[in-house]
Each structure stands twice: as C-alpha cells, then as structure tokens.
Amino acid sequence: MADETIKTIKRLKYFPGQYLEASDFLAEQDYHVDMRRRGNRALYYRAGILDGGFLVKIAEDDPKKITISSGIGIDADGRELIIITPRTESL
C-alpha cells in the first residue's frame with residue numbers, strides 16, 4: 001500500500017436536526033466502501049482467488065464456449081469479485 005496515492009479519509013459527523021442531501025449519503029457509502037477495500041488490500045496483500053472457485057473449463061454443449069465456476073476473489077484494488085452461479089461465455 002505504500003505506492004498508492006494517499007487519500008484523505010472523510011467521514012460525516014451527524015447532529016440532531018441536520019439537513020442531509022444526496023451527496024451526504026454518497027459520501028457515507030464511499031467511506032464504507034473505501035474502508036472495506038483498504039481492509040481487503042491489507043488483509044490479503046495480493047489479488048487472488050479466496051475460495052478455490054473461478055475454475056475455467058470448456059462448455060459441455062459447445063467447444064467454442066467456456067464455463068467459469070462460482071467463486072470469490074479480490075482484485076489489486078481490494079474490490080470483491082463474486083460469481084454466484086457458473087457463467088458460460090463465448091470465446
């Protein structure tokens with residue numbers, strides 16, 4: 001994480017009677033997403049597959065297609081990659 005651009009951590013502070021706008025809710029969500037991604041980068045160190053998923057094989061019905069199994073992974077930016085049901089894609 002030493003080579004990443006340092007980003008200021010901004011979190012809203014609420015008070016009674018505060019008028020909230022759409023930008024306030026977006027800022028709150030951005031904070032939580034950023035914290036989760038920072039945690040993923042710190043915890044897993046590298047991008048990769050977390051659960052043994054994402055297996056790729058030739059589709060049974062068409063040799064010009066592949067099937068990717070379900071799985072969970074993390075990319076280099078700490079974003080979660082999730083495939084819930086197997087996907088078939090054309091080559």
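**Strand pairing and helix α1 in a predicted model**

Ile 49 stands opposite Gly 73 in β4.

Trainee: In this predicted model, which strand is joined to β4 (residues 71–74) by 2 bridges?
Mentor: The pair Ile 49 and Gly 73 is one place where β4 meets a partner. Gly 48 likewise stands opposite a β4 residue, Ile 74. The strand that runs antiparallel to β4 over 2 bridges is β1, residues 48–49.

Trainee: How many bridges link β4 and β5?
Mentor: Strand β5 covers residues 80–83 and pairs with β4 in the antiparallel sense. Within this pairing, Ile 74 has Glu 80 of β5 as its bridge partner. The number of bridges between β4 and β5 is 4.

Trainee: Which residue takes a positive phi in the hairpin of β4 and β5?
Mentor: The hairpin has 5 residues between its two strands. The phi in question is near 85 degrees, and the residue that takes it is Gly 78.

Trainee: Which are the edge strands of the open sheet that contains β1, β4 and β5?
Mentor: This sheet has 3 strands in the order β1-β4-β5, with antiparallel pairing. An edge strand here pairs on one side only, and the strands that do so are β1 and β5.

Trainee: What is the strand order in the open sheet that holds β2, β3 and β6?
Mentor: Strands β2 and β3 pair in the antiparallel sense over 3 bridges. Strand β3, residues 65–68, is also joined to β6, by 4 antiparallel bridges. The order of the strands is β2-β3-β6.

Trainee: Why is one side of β2 and of β6 left without a neighbour in the sheet?
Mentor: The sheet is open, and its order is β2-β3-β6. Strands β2 (56–58) and β6 (87–90) stand at its edges, so the reason is that each has a single partner strand. From one strand to the next, the twist averages 30 degrees.

Trainee: Which residue of β6 stands opposite Ile 66?
Mentor: On the β2 side, Ile 66 of β3 faces Ile 58. As for β6, Thr 67 stands opposite Thr 88 in that strand. The β6 residue opposite Ile 66 is Glu 89.

Trainee: How many residues lie between β2 and β3 in their hairpin?
Mentor: The two strands are antiparallel and share 3 bridges. Between them, the hairpin has a number of residues equal to 6.

Trainee: Is Asn 40 buried or exposed?
Mentor: Asn 40 lies in helix α1. A residue counts as buried under 20% relative accessible area. Asn 40 has a relative accessibility of 11%, and therefore its class is buried.

Trainee: Which residue offers the backbone oxygen that the side chain of Asn 40 reaches at 2.9 Å?
Mentor: Leaving out residues up to four places away in sequence, Asn 40 touches Tyr 45, Ile 74, Gly 78 and Glu 80. Of these, Ile 74 and Glu 80 are bridge partners in the pairing of β4 with β5. The backbone oxygen reached by the Asn 40 side chain at 2.9 Å belongs to Gly 78.

Trainee: Is Ala 42 buried or exposed?
Mentor: Ala 42 also has its place in helix α1, residues 22–44. The cut-off for the exposed class is over 50%. With a relative accessible area of 54%, Ala 42 is therefore exposed.

Trainee: What is the distance in space from Ala 42 to Leu 26, C-alpha to C-alpha?
Mentor: In sequence, Ala 42 and Leu 26 are 16 residues apart. Their C-alpha separation in space is 24 Å.

Definitions and conventions:
Residues numbered from 1 in each chain as written. Predicted model: local features only at pLDDT ≥ 70, side-chain atom pairs only at ≥ 80, totals over all residues. Heavy atoms only, no water. Pairing = 2+ DSSP bridges. Axes fitted to C-alpha atoms, helices over the stretch in contact; angles between N-to-C directions. Buried < 20%, exposed > 50% of the residue type's maximum accessible area, 1.4 Å probe, protein only. Polar contact = N/O pair within 3.5 Å; in protein donor to acceptor, adjacent residues only side chain to side chain. Contact = heavy atoms within 4.5 Å.
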